[in-house]
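User: Hi! I'm new to reading protein models and would like some help with how helices pack together. Could you take me through it step by step?

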Amino acid sequence: MVMGTAERREAPEERVAARSTGRQRHGEPGRGGYGQPDRDIPVRGRGRESAGGERRADHRPLWIEEPARRHPMPDPVRTAAVRAVLIIAVTLIQAMVAFLCTMAGSWLAFPMVISSVVSTVVATWAVVDVWVTRQVWHQRYGVVSEPSSTARALRRERRARRRRERAGLREQERIPGGAGQLSHP
């Protein structure tokens, strides 16, 4: 397909909007199908002149934001998970160094083996910490969705008590002297 002058002068924002709505399909110009150049990638020496006469390079965003499919981990759980991954990485490096020092017959082998054993204990604790932090977060802030939940029964009782109290207040606020009668003739 040959592009005309009007199509080439289309604003980059409109091209991005067209891509995100799926107007262009795989293999069409601008998509960069197999064996086709991607016409949205800037090339040296190629650009546009803006209203002020200055040249600006065509550009396209590196990615288009898409909504997450799942909710992200809560912050305390994510922090514990990152800490656990770092500790496990250090433990694996220590174990590898201890193995290599043992094979080489270095004096550093014994201290490295001892530190690897200690690091293994700490790494195990870090993984358990992630699990415990996740369980605590769900217990404190999680949603209880079981019909047999005690929280649901307590809420139901509270609502019934409030309804009875409101009905009693309405009875007290009614005009004395009978139903539907006015207080003056």
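User: At what angle do helix H3 and helix H4 pack?

Analyst: Angles run from 0 to 180 degrees between N-to-C directions, with axes as lines fitted to C-alpha atoms, for helices over the stretch in contact. Here H3 (residues 75-104) and H4 (residues 109-141) pack at about 165°, and their axes are 8 Å apart. That makes H3 roughly antiparallel to H4 (under 35 degrees is roughly parallel, over 145 roughly antiparallel, 65 to 115 roughly perpendicular, the rest oblique). This is a predicted model, where local features need pLDDT of at least 70, side-chain atom pairs count only at pLDDT 80 or more, and totals for chains, interfaces and linings use all residues. Residues are numbered from 1 along each chain as its sequence is written, and side-chain values use heavy atoms, leaving out hydrogens and water.

User: Which residue classes make up the contact of H3 with H4?

Analyst: By class, there are 20 nonpolar, 8 polar and 3 charged residues. Ala, Val, Leu, Ile, Met, Phe, Trp, Tyr, Cys and Pro count as nonpolar, Asp, Glu, Lys and Arg as charged, and the others, Gly among them, as polar.

User: How many residues does each helix have?

Analyst: Helices are DSSP runs (H or I, at least four residues), numbered from the N terminus. The expected span is 1.5 Å times one less than the number of residues. H4 has 33 residues and reaches 47 Å from its first C-alpha to its last, close to the expected 48 Å. H3 has 30 residues and reaches 44 Å, close to the 44 Å expected. After H3 comes Gly105, with a positive phi near 75°.

User: Which residues of H3 and H4 are buried?

Analyst: Buried means under 20% relative accessible area, exposed over 50%, and partly exposed in between (1.4 Å probe, protein chains only). In H3 the buried residues include Val77, Ala80, Ile87 and Cys101, and the buried residues of H3 pack against H4. In H4 they include Met112, Ala123, Asp129 and Val130, and the buried residues of H4 pack against H3.

User: Asp129 caught my eye in H4. What is Asp129 in contact with?

Analyst: Contact means heavy atoms within 4.5 Å. Leaving aside neighbours within four places in sequence, Asp129 touches Ala80 and Arg83. Asp129 counts as buried because its relative accessible area is 18%.

User: And how many helices and strands are there in the protein chain?

Analyst: There are 5 helices and 2 strands, running α-α-β-β-α-α-α from the N terminus on; strands are DSSP runs (E) of at least two residues. Of the 185 residues, 17% count as buried.
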